[in-house]
Every structure is written in C-alpha cells, then in structure tokens.
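Here are my notes on the model, for you to read with the structure open. I start with one strand and work outwards from there.

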Amino acid sequence: QKISVTGSDDNTGTWTIATVADGTLTLESGEVLVDEIAGPRITIASGCPKGNIMVTAQRKLFLAGNLDNPAKVYYSQSGEVTCFGITSGLGSGGTFELIEGGGPITCLEAEGKNTIVCHKRDAIIAYTRDNDGTNAIENFDTLSSSFDSGAASFKAKTALNKSSFFMSGIEGVKLLEQAVEENILMMASITDIIMPTLQNYDNTNAVATYFPPKRVLLIATDDENGDRKQIAIYVKGSGSNMNFDISIDDIPVADYIVDGKDLFFVS
C-alpha cells in the first residue's frame with residue numbers, strides 16, 4: 001500500500017509499505033524516512049492510486065484506469081477524495097475488482113443514488129453500494145456480458161436527463177437507461193440505420209457530448225482511414241417516444257467543450 005506524508009520538512013512524499021508488524025511499518029527497500037519530531041502539520045494518509053477514469057458519487061471519488069490493475073476500481077473515503085485508506089463503517093475507502101468480460105475497465109458513470117456502472121468492452125456491470133445504517137452492503141449485477149456491449153472509452157459517453165448514451169466499439173451508440181432501471185440485459189443500438197458505415201470505424205478515441213440548445217448528441221471518432229468524423233444525433237420526443245435524426249460530418253474534433261449556450265471543439 002502507498003502512504004502519503006505531507007507537512008514534513010524532511011519526509012514529505014509518497015512511500016510504499018513492504019511489511020506490517022505490531023507497531024512497525026517497514027517500507028520497500030531503498031525507501032527511508034528520517035527521524036523527526038511529531039507536529040500538528042504532519043499528516044500520514046493512504047496514497048492516491050493513479051488512473052484516468054473518474055466519477056464522483058456518494059461523496060466519494062471512484063477511480064479506474066490504473067495501468068497496474070486495469071480491472072480494479074478504487075474508491076475514496078467519504079468527503080475525502082484524495083484519501084483512499086481503508087477504515088471502518090460507511091465512510092471507508094476501498095477497492096473492488098471486476099473479472100466479468102475480461103480486459104480493462106473503459107468507463108465509469110453514476111446512475112441513481114447508489115449505483116456505479118462499470119463498462120468494459122465486452123461487459124457492463126452495475127456496482128451498488130447500499131447500507132444497513134452501520135455497514136456497507138455491496139451488490140454486483142452484470143447488465144450485459146457479450147462482445148462489444150460496453151463503452152469504447154472513458155470519454156465516449158454522455159447523458160440526456162436520466163438517459164445515458166455511449167459509443168461502443170462496433171455497434172455504434174447505445175442507450176443505457178432501460179438496462180439499469182428495468183434490470184434487463186438487452187441494449188439496442190440507436191444508430192442501426194448507419195451500421196454499414198460505422199462497422200469499420202475505430203472508436204478507441206471516441207468522445208461524446210450533449211448540447212442542450214439543439215438537443216443534439218455529438219460523437220467524434222475515427223473512420224476506417226483514421227480520419228476524424230462527427231456523428232450528430234438530433235433527439236426528438238422523450239422517454240419511450242424518443243426518435244433520432246442522424247448525420248455524419250467531416251469535422252476534426254478531438255474533444256468538446258459545452259459552455260452554457262456555446263459549443264466549442266478542439267481539433
């Protein structure tokens with residue numbers, strides 16, 4: 001486990017615990033702390049894991065994308081998004097590992113008040129963290145376990161009200177709301193009409209956003225030649241009556257920025 005020392009004149013930094021004995025923590029070989037007088041400025045806390053897939057929910061930071069543990073999700077202590085130490089009770093930090101679907105976690109998103117949806121390329125798993133008033137109660141529900149069922153990347157998702165949309169690796173844009181709320185495993189693509197065009201696209205670096213003034217979902221991705229394309233999906237209606245108008249344009253979008261009524265992209 002990593003520990004982080006702050007507020008020290010000589011020992012500030014991140015260190016790795018090798019062994020633990022009664023009253024003694026021994027660091028990895030080559031890591032040395034020097035003698036120091038205790039003081040109120042010095043804090044020792046669990047070190048932060050590194051990852052690039054993050055979502056906040058339940059006053060915690062959930063993090064994935066760690067290169068050493070690509071199928072693991074870390075979560076912080078409640079209200080302390082830089083401390084992942086394991087304590088007791090509902091506020092503790094911790095981890096869980098997902099073996100369903102194999103491969104790395106590609107995306108995290110919060111659904112409802114207690115659920116984190118974890119995407120892999122070939123699986124979608126809902127992690128629900130409930131409680132009995134004192135202890136945390138964890139539940140795992142595999143929403144889908146099939147080839148190309150999950151989001152292609154951590155930026156390949158966006159949302160409209162309570163509906164979650166994401167870009168998969170091959171089948172195009174999918175709607176998640178129904179699978180979560182009704183606990184069913186079927187998730188149909190909403191871009192079936194352009195599947196012959198999308199089937200050879202490389203969605204590894206897909207990004208998505210929703211632009212409210214136009215009620216349009218925008219997904220930028222690479223075609224079979226590596227050229228950047230933008231898929232625009234105009235949303236009409238709501239709930240079960242939603243329908244879509246779709247177009248594909250040659251716009252070199254690397255990422256989007258929505259700022260109020262203005263939409264920007266960086267190339």
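1. Begin with strand 7, keeping in mind that this is a predicted model. K72 and Y74 point one way from the strand, V73 and Y75 point the other way, and all are buried. The split fits the usual pattern: in a regular strand, side chains alternate between the two faces of the sheet. So which face you look at decides which pair you see, and in a regular strand that is down to the alternation.

2. Now the partners of strand 7. On one side there is strand 6 (residues 60-64), which runs antiparallel to strand 7 (residues 72-75) and is joined to it by two bridges. F62 has Y75 as its bridge partner there. Strand 7 is also joined to strand 8, again antiparallel, by four bridges. Which residue is the bridge partner of Y75 in strand 8? It is G94.

3. Zoom out and you get an open sheet of four strands in the order 5-6-7-8, with antiparallel pairing. Strand 5 (53-57) and strand 8 are at the edges; each has a single partner strand, so one side of each is left without a neighbour in the sheet. From one strand to the next, the twist averages 20 degrees.

4. The aromatics deserve a look next. A search of the whole structure turns up seven aromatic pairs. Take F96 and Y127: their ring centres are 4.0 Å apart and the planes sit at 20 degrees, so this pair is stacked, the cut-off being under 30 degrees. F96 belongs to strand 8 (residues 94-97) and Y127 to strand 11 (residues 123-131), so the pair ties together parts 31 residues apart in sequence. F96 and Y127 are both buried.

5. Some of those names come back in a cluster. F62, Y75, F96, Y127 and F140 form one aromatic cluster. Two of its members, F62 and Y75, are the bridge partners from point 2. Y75 is also one of the buried residues of strand 7.

6. For contrast, try F165 and F244. How are these two rings arranged, given centres 6.3 Å apart and planes at 85 degrees? The pair is edge-to-face, because the planes are over 60 degrees apart. F165 lies in strand 14 (residues 163-167) and F244 in strand 19 (residues 243-249), so this pair links distant parts of the chain, 79 residues apart. F165 has a relative accessible area of 2%, so it is buried. F244, at 22%, is partly exposed, because buried would need a value under 20%.

7. Strand 19 leads to another open sheet. Its four strands come in the order 16-17-18-19, and the pairing is antiparallel. The edge strands are strand 16 (202-211) and strand 19, and each pairs on one side only. The twist averages 20 degrees from one strand to the next. Strand 19 pairs with strand 18 (residues 228-236) in the antiparallel sense over seven bridges. I233 stands opposite I246 of strand 19.

8. One residue from an earlier part of the chain: T16, in strand 2 (residues 13-21). Is T16 buried or exposed? Its relative accessibility is 13%, so it counts as buried. Setting aside neighbours within four places in sequence, T16 is in contact with Q1, K2, T26, L27, E28 and E31.

9. The overall numbers. The protein has two helices and 21 strands, and its C-alpha trace spans about 65 × 45 × 35 Å along the principal axes. Of its 267 residues, 42% count as buried. Among contacts with a separation of 6 or more, 40% come from residues 24 or more positions apart. The accessible surface is about 14300 Å², and 50% of that belongs to carbon and sulfur atoms.

10. Last, confidence. The mean pLDDT is 86, with 94% of residues reaching 70 or more. Where is confidence lowest, and where is it highest? It is lowest in helix 1 (residues 177-182), at a mean of 55, and highest in strand 21 (residues 262-266), at 96. Where pLDDT is low, the predicted coordinates should not be read in detail.

Notes:
Residues numbered from 1 in each chain as written. Predicted model: local features only at pLDDT ≥ 70, side-chain atom pairs only at ≥ 80, totals over all residues. Heavy atoms only, no water. Phe/Tyr/Trp six-rings, centres within 6.5 Å; stacked < 30°, edge-to-face > 60°. Buried < 20%, exposed > 50% of the residue type's maximum accessible area, 1.4 Å probe, protein only. Pairing = 2+ DSSP bridges. Axes fitted to C-alpha atoms, helices over the stretch in contact; angles between N-to-C directions. Contact = heavy atoms within 4.5 Å. Areas by Shrake-Rupley, 256 points an atom, 1.4 Å probe, with all protein chains shown as cover. pLDDT = per-residue confidence, 0-100.
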